[in-house]
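Thanks for coming, everyone. I'd like to walk you through one structure today, so please have it open in front of you.

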Amino acid sequence: MDRRIAKFQKVSPKQFMEGFADISTDPERVTAVYEAIRLPRRATKDSAGYDFFAPVDIVLAPGESMKVPTGVRCQMREDWVLQIFPRSGLGFKYRLQLNNTVGIIDADYYFSDNEGHIFIKLTNDSKEGRTLSVPAGSGFAQGIFLQYGITVDDDVEEVRNGGFGSTTR
């Protein structure tokens, strides 16, 4: 069985600038952040998760949230899904949570108008009053690929064009 089912890529500079607008619209800063984007990768040969790296410093006091534009998109086989989770250590130490609990990146998201730009919204849910600090370039989330099946009577023909909630409109 061929285990190589996907490829990470950067979104275009134009798409990244649009996705980064909540953080900064300064073209020089956006360009510098874009050029420094690291594509997700596994830390060891037996790691299941691909680490996603912070494009900017992430500092979250307890209860604070941030939508992180990763600058990353993923092309994968059509019967696979990429699931996004917080890195285990950050979840353990800070109760770092994804606002949608688990990010689901479907194969057809790659073809959306936003180029399949993966955003990860985080919340520091610390009950101990700890402020989360993740320097730019450090891992903050992890993605795991899983194959899925469909029912024998599935007849869906719809196509996606969008992100959060776009498949239930």
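Let's begin with the four-stranded sheet, which is open and runs in the order β2-β11-β6-β8, with antiparallel pairing. At its edges you'll find β2 and β8, the latter covering residues 103–106, and each of these pairs on one side only. Going from neighbour to neighbour in this sheet, the strands are turned by 30° against each other on average, direction ignored. Please keep in mind that this is a predicted model.

Now zoom in on one of those edges. Strand β2 is joined to β11, residues 139–147, by four bridges, and the two run antiparallel. If you want a spot to anchor your view, take Tyr-50, which stands opposite Gly-143 in β11. As a quick reminder, strands of a sheet pair through backbone hydrogen bonds, either parallel or antiparallel.

Just ahead of this strand there is a loop worth a look. It connects α2 (27–36) with β2 (50–53), and Ser-47 is found in it. What does the side chain of Ser-47 join in a polar contact? The partner is the side chain of Thr-44, at 2.7 Å. Here is another number for Ser-47: Ala-61 is 14 residues away in sequence, yet the two C-alpha atoms are 30 Å apart in space.

On to the other open sheet I want to show you. This one has three strands in the order β4-β9-β7, and the pairing is antiparallel. Which strands stand at the edges here? They are β4 (65–69) and β7 (96–98); each has a single partner strand, so one side of each is left without a neighbour in the sheet. Neighbouring strands in this sheet are turned against each other by 30° on average, again with direction ignored. For the β7 edge, three bridges make the connection to β9, residues 119–124, and the two strands run antiparallel. You can find the pairing by looking at Leu-96, whose bridge partner in β9 is Asn-124.

Next, a residue from the interior. Ile-58 lies in strand β3, which covers residues 58–60. Is Ile-58 buried or exposed? With a relative accessible area of 0%, Ile-58 is buried; the cut-off for that label is under 20%. Leaving aside residues up to four places away in sequence, Ile-58 touches Met-66, Val-68, Leu-122, Leu-132, Ser-133, Val-134 and Phe-140. One of these, Phe-140, is 82 residues from Ile-58 in sequence, with 9.0 Å between their C-alpha atoms.

Let me step back to the whole chain. The protein has three helices and 11 strands, and along the sequence they follow the pattern β-α-α-β-β-β-β-β-α-β-β-β-β-β. How does the radius of gyration fit the length of the chain? For 169 residues, a compact globule would come out near 15 Å, and the protein has 16 Å, which agrees. The C-alpha trace spans about 50 × 35 × 35 Å along its principal axes.

Of the 169 residues, 41% are buried. The accessible surface comes to about 10,200 Å², and 49% of that belongs to carbon and sulfur atoms. Finally, of the contacts with a separation of 6 or more, 77% are between residues 24 or more positions apart. The pair Ile-58 and Phe-140, 82 residues apart in sequence, is a nice one to look up on your screen. Thanks for listening, and I'm happy to take questions.

Conventions
Residues are numbered from 1 along each chain as its sequence is written. This is a predicted model: local features need pLDDT of at least 70, side-chain atom pairs count only at pLDDT 80 or more; totals for chains, interfaces and linings use all residues. Side-chain values use heavy atoms; hydrogens and water are left out. Two strands pair if DSSP finds at least two bridges between them. Axes are lines fitted to C-alpha atoms, for helices over the stretch in contact, and angles run from 0 to 180 degrees between N-to-C directions. A polar contact is a pair of N or O atoms within 3.5 Å; within protein, one must be able to donate a hydrogen and the other to accept it, and residues adjacent in sequence count only if both atoms are side-chain atoms. The radius of gyration is taken over C-alpha atoms; the globule rule is 2.2 Å times the number of residues to the power 0.38. Buried means under 20% relative accessible area, exposed over 50%, partly exposed in between (1.4 Å probe, protein chains only). Contact means heavy atoms within 4.5 Å. Accessible areas come from the Shrake-Rupley method with a 1.4 Å probe; for residues, only the protein chains shown count as cover.
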